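Please take the structure below and follow it in the order of the paragraphs, beginning with a single helix and ending with the contact between two chains.

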Amino acid sequence: MTQTTIEPPPEVDPNESVVWYRNVRVLRVVGQVVAVATVVGLIAWLFNNLLTNLDRQNINTDFGFLDRPTNFEISFDQGFDPRSPVWQMVLVGLKNTFLAGIVGIVIASIVGLIVGISRLSSNWLVARAATLYVETFRNIPPLVIIIFFGFAIFTFGPFPLLSEATQINFLGTDDNLLILSNTIWGIPGFVAEDNVGVFWITFGVAVLAAIGVAIWRTQLSDRTGVHHHRVRWALGTFLVIAIIGHFLAGGAWSMSWPVVSENGRRIDGGFIMNFGFIATALALGLYTASHIAEIIRGSILAVPKGQSEAANAIALTGFQRYRYIILPQALRIALPPTINQYLNLVKNTSLGIAVSYAEITLLTKTSIGNGRPAPQSIAILMGVYLVFSLVISLLLNAYNRRIQLVER
Amino acid sequence: MTDPQFPMTQTELGAEEPIAIPVAESGPRQKLPPGKWLRRNLFNNWYNSLLTIVIGALLLFVAVRAFSFVFITGRWEPVRANLTLFQIGTFPRDEEWRVVAQVLIWTAALGLGVGAAVAGAKFRALQAGVEYVTDPALDRLKRYWALVLLLLVWLFFADTIGPLLLTVASLALAWGGYAAASRVSGPNVGLLWSVVGVLGVLGFQIVSGFFGLGWLWMGLPIAVAVYALLGRPDTDDVKRQRRIQLIGVLVTFAVLFGVYTAVDSVGVEWDDWEGLQLNLLAAAIAIALSFPLGLLLALARRSSFPALRVMATTYIEIIRGVPLISLLLMAQFFIGFFLNTDTPLSLFTRAIAAMTLFTAAYVAEIVRGGLQAVPKGQMEAGNSIGLPAWKVTQLIVLPQALRAVIPAMVGQFISLFKDTSLLLIIGKLELLGVREIVHGQPDFRGFGIAESLVYVAFVFWAISFTMSRESQRLERKLGVGER
């Protein structure tokens with residue numbers, strides 16, 4: 001190596017002023033101002049174009065249309081009056097979106113958990129069957145699955161027309177437990193009677209009491225070391241108070257059995273599901289389950305092997321090993337990506353549009369087709385999804401921070 | 001009697017040579033005799049036996065039903081009669097030769113590209129002084145079994161000799177390209193990539209036509225080739241060399257511009273591209289366009305400028321919070337209003353714009369993950385040798401970050417490919433949309449619904465499955481997450 005001489009750094013006088021265009025601090029500010037100005041200018045230009053073009057096309061740019069009548073019927077929703085304002089239509093769409101989303105999430109969680117665990121099963125056949133499930137559903141577009149359920153299984157599928165629907169009775173009585181047709185299904189439901197207000201008050205009391213009991217059991221367990229069983233206790237408290245409330249209101253709810261109407265066009269009573277809802281919820285549930293299964297599998301593999309060996313060492317059964325050692329740790333790892341999948345599922349309910357499920361996207365599109373201004377309608381549509389996603393992300397981040405702290 | 005308290009340990013201790021087990025597990029997989037294998041993997045305790053029987057019966061039932069659906073009860077006439085419609089939609093039939101030429105050119109380019117990759121790997125192995133090993137040909141074919149199956153299904157459904165000829169010709173071209181390219185010596189591999197690029201653009205333009213800005217696209221790979229050819233290090237005068245290269249590139253562009261202006265042949269417009277062709281094309285264009293945008297967003301999100309960070313984060317979070325379909329509806333109804341164009345943009349262009357804006361947010365998050373995976377010491381090392389910040393990013397951070405994100409990008413491409421089915425909802429005739437036309441034909445009304453859906457699902461599945469397997473292989477090969 002040749003000898004290198006290190007020159008001492010030049011003396012810098014801290015008071016010496018740097019010319020402004022060489023000053024990093026000034027440059028940083030200038031750079032950011034330029035960047036913001038460019039983006040703001042671009043957005044302003046785009047919106048200016050939009051407004052000019054809309055003006056040229058004679059499209060309103062205010063939100064007054066929300067108060068005007070909707071002017072179309074919602075299929076399978078007899079309760080919706082076409083004369084009610086557009087904002088009510090948005091609420092109906094929102095309700096349907098979340099209904100399909102929640103049912104889909106339940107299906108996806110259960111199936112995903114089972115398939116995810118099965119993929120790691122020591123049973124060759126079970127593991128292979130789970131792999132088959134995952135690789136099949138993961139690589140098909142959810143829209144194709146939804147349309148398959150909607151048209152190949154329902155509309156053109158093996159189910160009979162509504163006028164000659166399959167009716168499954170409840171233990172030999174005339175009450176229908178299930179009505180199956182190719183457009184709508186009916187199951188028993190509950191109908192609110194006059195005094196349901198009283199019931200809702202006791203319902204609130206029941207929820208508060210259940211929370212109180214859960215906290216009490218936890219504290220008791222912390223103090224004395226007795227097993228808390230807080231879920232059982234809270235659920236029991238809730239059920240007892242809610243049932244008392246039901247009878248206190250003189251029977252707030254009554255059972256309603258589904259019956260095919262005489263003209264064979266609709267189902268009266270009970271809880272009615274149309275094929276769009278079943279197809280959307282089921283297809284998205286099964287599709288998302290394949291993603292959740294992969295997450296669960298990865299999370300189980302991420303639990304250190306020593307944990308499972310320790311469980312074996314203290315002679316836990318296979319079930320106990322999973323229930324008390326592996327799953328509690330794996331689910332903690334799996335939670336953030338799983339919630340992401342839930343968010344995707346709720347966003348994907350917008351695909352219900354292909355099987356005419358009256359969720360918010362379909363209603364927005366129909367409403368635009370009926371002459372409502374597109375930009376505002378779509379802005380509302382995006383806003384709804386956005387608020388939902390951001391709220392869930394915030395909650396998730398908060399929760400995540402909490403459980404991470406518990407962990408280490 | 002089995003003791004349910006010790007399911008795992010008992011079977012292991014009960015084996016004949018308990019000590020040998022860990023050795024057998026860590027060594028290469030032992031081939032067990034069938035009886036022993038069955039007992040160990042399917043019937044090792046009572047509940048596994050029960051599960052085996054239940055799941056086995058279920059699988060058998062599904063398999064029998066699937067078999068009878070595919071081979072006995074299934075009415076595949078709608079698919080069989082409309083095979084071309086599924087591939088290219090209502091693409092003008094007298095221009096069909098363009099699609100055939102495109103397939104041939106692209107398969108040749110694919111063969112050349114794979115060959116170039118192999119040649120490059122061979123060269124690097126040679127330089128590193130290690131032996132270059134390939135998997136046996138059969139193993140390589142096995143990896144693509146889903147695609148092979150798809151090809152066989154197409155050939156089975158076809159009732160003319162055309163598709164078979166096309167398949168044979170394109171396979172021959174691909175193989176020829178591969179064989180030729182893999183023999184190219186190391187330093188020339190770069191030129192080979194330019195040829196692949198030229199063929200890629202040519203395949204595109206044989207359909208879209210030779211006019212407008214087409215010369216620019218074609219100019220890029222040719223200019224790279226010219227630059228490389230003129231850049232042989234046989235002169236000491238670097239400045240003069242640079243000048244010659246620059247002039248060469250400019251002349252190339254000028255000549256191409258002249259040729260394209262002279263030819264000026266309008267092909268088939270983008271808006272007429274339909275069927276599976278549209279799905280593949282839309283996904284490819286959208287991912288290619290969204291990559292630079294996503295890269296910029298990712299860099300902005302990690303920038304030290306708070307203003308840039310806030311803007312990039314806002315964009316990414318807004319886009320990720322809404323479903324793609326809302327953006328597509330925007331494209332359908334009013335995205336053109338944002339621009340001051342005299343003629344309205346075609347629906348395809350608007351849809352591509354929506355898909356690009358959407359995918360860019362996801363690409364940004366992927367690239368950000370890659371950027372975060374680069375150790376901080378790398379940047380500090382770059383700073384310490386006096387590189388300016390943008391050089392550190394360009395020369396040190398990005399090459400490492402982008403290598404790590406390749407598998408995730410393939411995953412994003414698969415997801416985008418699946419999402420192209422949503423073009424149906426805004427009225428583009430992609431693969432799934434063609435189905436509705438098929439069942440609108442008087443001959444095929446109201447039957448074969450499940451069959452045509454299964455066919456569409458299978459096409460999507462075969463392509464996505466193969467790509468996802470490739471991305472997993474790539475992930476293992478690149479050793480992502482292992483260092």
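In this predicted model, helix α7 of chain A has a kink of about 25°, centred on A:Ser290. The helix comprises residues 275-302, and because each of its 28 residues should account for 1.5 Å, a span of 40 Å is expected, which agrees with the 40 Å that separates its end C-alpha atoms. As for its surroundings, α7(A) is mostly covered, with 23 of its 28 residues buried.

A helix pair in chain A can be examined next. Helix α2 (residues 86-118) packs against helix α10 (residues 360-369) of chain A with the axes 7 Å apart and at an angle of about 150°; since angles over 145 degrees count as roughly antiparallel, α2(A) and α10(A) are therefore described as roughly antiparallel to each other. On the α2(A) side the contact involves A:Val86, A:Met89, A:Val90, A:Val92, A:Gly93, A:Leu94 and A:Thr97, which meet A:Ile360, A:Leu363 and A:Ser367 in α10(A). Seven of the residues in this contact of α2(A) with α10(A) are nonpolar and three are polar, while none is charged.

The last step is the contact between the chains, in which 49 residues of chain B touch 50 residues of chain A. On the chain B side, the elements that contribute two or more residues are α1 (7-14), α4 (46-73), α15 (306-321), α16 (324-333) and α21 (449-478), and α21(B) provides the largest share, ten residues. The residues on this side of chain B divide into 34 nonpolar, 14 polar and one charged.

Notes:
Residues numbered from 1 in each chain as written. Chains lettered and ligands numbered in written order. Predicted model: local features only at pLDDT ≥ 70, side-chain atom pairs only at ≥ 80, totals over all residues. Contact = placed C-beta atoms within 7 Å. Helix = DSSP H or I, 4+ residues; strand = E, 2+ residues; numbered from the N terminus. Nonpolar A, V, L, I, M, F, W, Y, C, P; charged D, E, K, R; others polar. Expected span 1.5 Å × (residues − 1). Bend = angle between axes of the 7 residues up to and from the residue. Buried ≥ 20, exposed ≤ 12 C-beta atoms within 10 Å, placed from the backbone. Axes fitted to C-alpha atoms, helices over the stretch in contact; angles between N-to-C directions. Parallel < 35°, antiparallel > 145°, perpendicular 65-115°, else oblique.
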